[in-house]
Structure formats: structure tokens, C-alpha cells
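Q: I am new to this structure and would like a close look at one part of it, set against the chain around it. Please take me through it carefully.

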Amino acid sequence: MWKFPKTFELSISLKHLPIVETKLQKRILDWEESGFHNFHPFQVTAWKTKPEALSHSSVSFDFLYEFSNLETITFFLFPKSFGKKKKSHLTDILRSNIENQTTPKKKTTDWKFIEQWWKEPSQLELGNVKIVNASLDMDGFKSPIEHRHLQMVSGASKLILRIGYLKGIQYKFHHKTFKTPYPKFGECYIKTRDTHLDKSLGKVYFSFLGYLFENQSDEYLLPYFGLKPLVPTSIRSLIPNEIWNQWNEGETTDWVETNLNGEEYEFRPVYQVSISLQHHLK
């Protein structure tokens, strides 16, 4: 005889939330005081918070859900589909409850402009720069850059990944220095062609897609350092970890990149820093 389940358990975690842990805890305790009515009909059985760098935090919740008669049968027949749908719905509720209360008030346009200008990097200091050429299957993907047409051969697009150690960032009036072990850092470019208003195609360029770290989970820190945009998630997930295994032991070369507003690889060169030799382009 078939035995239908009566309840369903699920867990949800959210990381890199833009709120300090103490404030997040206070907010959840307020929800707890009201019986977690914002998650009804889900019951909260446990929750836990963790502090993160740069005044961020993470939270995990355990939930219990009681089935109606119809839902019991649906879950029995399609458990994966049912669980995925409920988890997605509950994640949206949780994220909405947190983010709606953590979004800062809009600042005046002038002040926002000044703040962005102050935080905008003017030069990157890199170590042991390497170039990795890659080809990714992009068939069915839309161009991540509106005014550019993806150049593809048999459904594959060419990428250039310029990777190295991030040693420092020069801003308008201050300097950020990273300590060893330096984070492995990269820039991603994709082969494109310009598109004109009459829909004709122009010159071929490797267009800048964004920045990345070796550990994708650390990339939420990039905007904090003024390094935007990030590589689009759809493409970032296809970049293999093997690209970071490019360095020889004992190798030490220093490079600088100065044109951080350039939109193409061709106009964002890096120069090797040397006392005895002239700067070398890469």
C-alpha cells in the first residue's frame, strides 16, 4: 500500500547580503516575534546567520511545509519538480523580505556622481600576466553587449582571458594594496563585430565583458573595489578552473593597466614595469 508523505522539509541559504550580521539577526528576531507570518504557510524550524567580509552576512533557514491532500499526490508523483518550485518561491519571498529593507535611500544625483568618481579605479597593478585563448559553445546565447554582434564559428565564440595576480589598485586620491597571497584576477573579452544603425556589420573587436576572480564566490567583492562589470553569469559558469594553472614557480613580473574605461581588448593594453627596460606592451 502506498504511503503518502504529510510534510515536506527544505533548507535555503542566502550569501553576501549587504547587511551586517547583528542587524540581520535583529530583523529575523522581529519576524520570529510575529510568528514568521511573512513565510506562511511555511513553518520556520531553525535559522542561522554568519558574518562575512565588508559588513556583509549570510543566513540559512530550515522550513517545514504541510501538504494539502492534492499536494500530497502531486509531490508523490513529481517530487523534484514540486520541491524546485516551492524552493524557488520561498527563496523569492526571503530575498524580498531582506532586500526591501536593506536597499539604501536614493542619494542626490550630484552626491552619487561624486561618490562614483571617487571610487573609480584609474590603474590596476598586476603580477605575472598571462593570456589565455578559449573557445566556448555559445550557440543559442544572445550577445551580452547590445551594440555588438557575436562572432561565432560552428556555434562557438572566441574569448581572450587576461589573468594575473591583483597586487594593487590606484584610485583618484588613494591606493589599495593587496597582501600575499595575491588574489588571482582576470578580465574576459569576447570576439564581436560592431553593428550599425542600418544593421550592417563593422569592425571586429574583442569586447570587454567584465572582471572575475579565481573563486567565483568572491566576485561580490569586485564592485566594492570599483571593478565593474562582472563577467555575465551565463558565460562565467562556462569558464573552466584550469585557466588559473598558468604560472611557473618563481616567476615575478609586474604590469600596469591604465585605460580601464576602454571597451575593447585592443584599447586596454597592459605594460610591463621594468627599471632597466622600456615598458613592454601585452
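A: Among the elements of the chain, strand β11 (residues 254-257) has the highest mean pLDDT, 95, and helix α2 (residues 69-77) the lowest, 68, where pLDDT is the predictor's confidence in each residue, from 0 to 100, and helices (H or I, at least four residues) and strands (E, at least two) are DSSP runs numbered from the N terminus. This is a predicted model, in which local features need pLDDT of at least 70 and side-chain atom pairs count only at pLDDT 80 or more, while totals for chains, interfaces and linings use all residues. Residues are numbered from 1 along each chain as its sequence is written, and side-chain values use heavy atoms, with hydrogens and water left out.

The part to look at closely is strand β10, which spans residues 201-213 and has 10 of its 13 residues buried, that is, under 20% relative accessible area with a 1.4 Å probe and protein chains only. Strand β9 (residues 184-195) pairs with β10 in the antiparallel sense over 10 bridges, pairing being called when DSSP finds at least two bridges between two strands. Within β10, Ser207 stands opposite Ile190.

Around this part, the chain has 5 helices and 12 strands, and 39% of its 282 residues count as buried. The mean pLDDT of the chain is 83, with 86% of its residues at 70 or more. Over residues 275-279, however, pLDDT stays under 50, and the model has 4 contacts there beyond four places in sequence, a contact meaning heavy atoms within 4.5 Å. Where pLDDT is low, the predicted coordinates should not be read in detail.

Key
Buried means under 20% relative accessible area, exposed over 50%, partly exposed in between (1.4 Å probe, protein chains only).
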